[in-house]
Amino acid sequence: MLGPRSEYGMGVRVDVAAGRAKTRDIARAAVRAELAQVALGLFLREGFDKVTLDDLAAAAGVSRSTFLRYFGSKEEAVLSVFDAQGEQVADAVRARPADEDDWTALRHGLDVAIEHYRQDPARALTMTRLVLDTPALCARQLEKQRGWWPALANALVERTDSPQPLTPAISVKAAAALDCLNIALDHWTASDGRLDLVDLLDQAFAALSSR
């Protein structure tokens, strides 16, 4: 009887530990989101370049070291919302039908990236303007996106029934898709969000479609 009880007890302890870890992750995500909201508000009021890490910590009511545990830089406090998007888009591309052409798969995959622009256009427009108007943020965002295209290229390869080696042509398609996204966002922002972002993205993709 001792053996089974011991094993059951270990299982319970593992479940409890996993539950606590999940709770910590949820709590950390909540604090991170709150700090990001405070940072965004301060950046919009004072200007990104004028705000220091000490200013951010003070506005959030935490120490500088605490703030840095959640965000390693001012840029990350704004751009962290995009951290998971690259893999999310890649997963969406990977899930597209194997017989669908690459360009169409990429276009549908990018619906994931523009979903939050559609759900909360006012907030998305505010953040996009902040990024585009701030050289440091714009450069960091482009750097993040550069990490997206290998994931997109690999997703194109992996979604086929008979995966082929990754070729320059496939990498070019992935990079071009991201350029289409950025151009659509530029036009959407310039229109103060009045133009349809989905239509703009469709136009950008159509311009590079095979004839």
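Select Arg-107 to begin, which in this predicted model lies in helix α6. At 10% relative accessibility Arg-107 counts as buried, because the cut-off for that class is under 20%. With Arg-107 still highlighted, display what surrounds the residue: apart from neighbours within four places in sequence, Arg-107 is in contact with Val-198, Leu-201, Asp-202 and Phe-205.

**From Arg-107 to the pair α6 and α12**

Those partners lead to the next selection, helix α12, which spans residues 197-207, together with α6, which spans residues 102-109. The axes of α6 and α12 come within 11 Å of each other and cross at roughly 160 degrees, and the two helices are therefore roughly antiparallel. If you turn the view to look through one helix at the other, the crossing to look for is a right-handed one. On the α6 side the residues to show are Trp-103, Leu-106 and Arg-107, and they meet Val-198, Leu-201, Asp-202 and Phe-205 of α12. Coloured by class, this contact has five nonpolar residues and two charged ones, with no polar residue.

**The other contact of α6: helix α5**

Keep α6 on screen and add helix α5, residues 85-94, whose axis comes within 8 Å of the α6 axis and crosses it at roughly 135 degrees. These two helices are therefore oblique to each other, and α5 passes α6 in a right-handed crossing. To see the contact itself, show Val-89, Ala-92 and Val-93 from α5 with Ala-105, Leu-106 and Gly-109 from α6. Five of these residues are nonpolar and one is polar, while none is charged. Leu-106 is worth a label here, since this α6 residue belongs to the contact with α5 and also to the contact with α12.

**Val-89, a stop within α5**

Now centre on Val-89, whose place is in helix α5. Is Val-89 buried or exposed? At 1% relative accessibility, Val-89 counts as buried. Setting aside residues up to four places away in sequence, Val-89 touches Gly-109, Leu-110, Val-112, Ala-113 and Leu-152. A distance to draw at this point is the one between the C-alpha atoms of Val-89 and Trp-148, which are 59 residues apart along the chain and separated by 8.6 Å.

**Across to helix α10**

Trp-148 and Leu-152 both belong to helix α10, residues 148-158, so select that helix next. The axes of α5 and α10 come within 8 Å and cross at roughly 15 degrees, which makes α5 roughly parallel to α10. Their crossing is right-handed. The α5 residues that make the contact are Gln-85, Gly-86, Glu-87, Val-89, Ala-90, Val-93 and Arg-94, and those of α10 are Trp-148, Ala-151, Leu-152, Ala-155, Leu-156 and Glu-158. By class, the residues of this contact divide into eight nonpolar, two polar and three charged.

While α10 is selected, colour its buried residues, which are Trp-148, Ala-151, Leu-152, Ala-153, Ala-155, Leu-156 and Val-157. As you look along the helix, it helps to recall that an α-helix has 3.6 residues a turn, so residues three or four places apart point the same way. To find what covers the buried residues of α10, add elements including α5, α6, α9 (135-146) and α11.

**Asp-192, in the loop after α11**

From α11, which covers residues 168-190, follow the chain into the loop between α11 and α12, where Asp-192 is found. The phi angle of Asp-192 is near 60 degrees, a positive value in a residue other than glycine. At 39% relative accessibility, Asp-192 counts as partly exposed.

**An annotated segment**

Next, select residues 52-71, which UniProt lists, in an unreviewed entry, under "DNA-binding region". In the model this segment is 75% helix and 0% strand, and the C-alpha atoms at its ends are 13 Å apart.

**Stepping back to the whole chain**

Finally, show the complete chain in cartoon form, where you will find twelve helices and zero strands. Of the 211 residues in the chain, buried residues make up 36%. Among contacts with a separation of 6 or more, residues 24 or more positions apart account for 67%.

Definitions and conventions:
Residues are numbered from 1 along each chain as its sequence is written. This is a predicted model: local features need pLDDT of at least 70, side-chain atom pairs count only at pLDDT 80 or more; totals for chains, interfaces and linings use all residues. Side-chain values use heavy atoms; hydrogens and water are left out. Axes are lines fitted to C-alpha atoms, for helices over the stretch in contact, and angles run from 0 to 180 degrees between N-to-C directions. Helices (H or I, at least four residues) and strands (E, at least two) are DSSP runs, numbered from the N terminus. Angles under 35 degrees count as roughly parallel, over 145 as roughly antiparallel, 65 to 115 as roughly perpendicular and the rest as oblique. A crossing is left-handed if the near helix is turned anticlockwise from the far one by less than a right angle, and right-handed if clockwise. Contact means heavy atoms within 4.5 Å. Ala, Val, Leu, Ile, Met, Phe, Trp, Tyr, Cys and Pro count as nonpolar, Asp, Glu, Lys and Arg as charged, and the others, Gly among them, as polar. UniProt positions are given in the numbering used here, feature names are shortened, and annotations may be inferred rather than shown by experiment. Buried means under 20% relative accessible area, exposed over 50%, partly exposed in between (1.4 Å probe, protein chains only).
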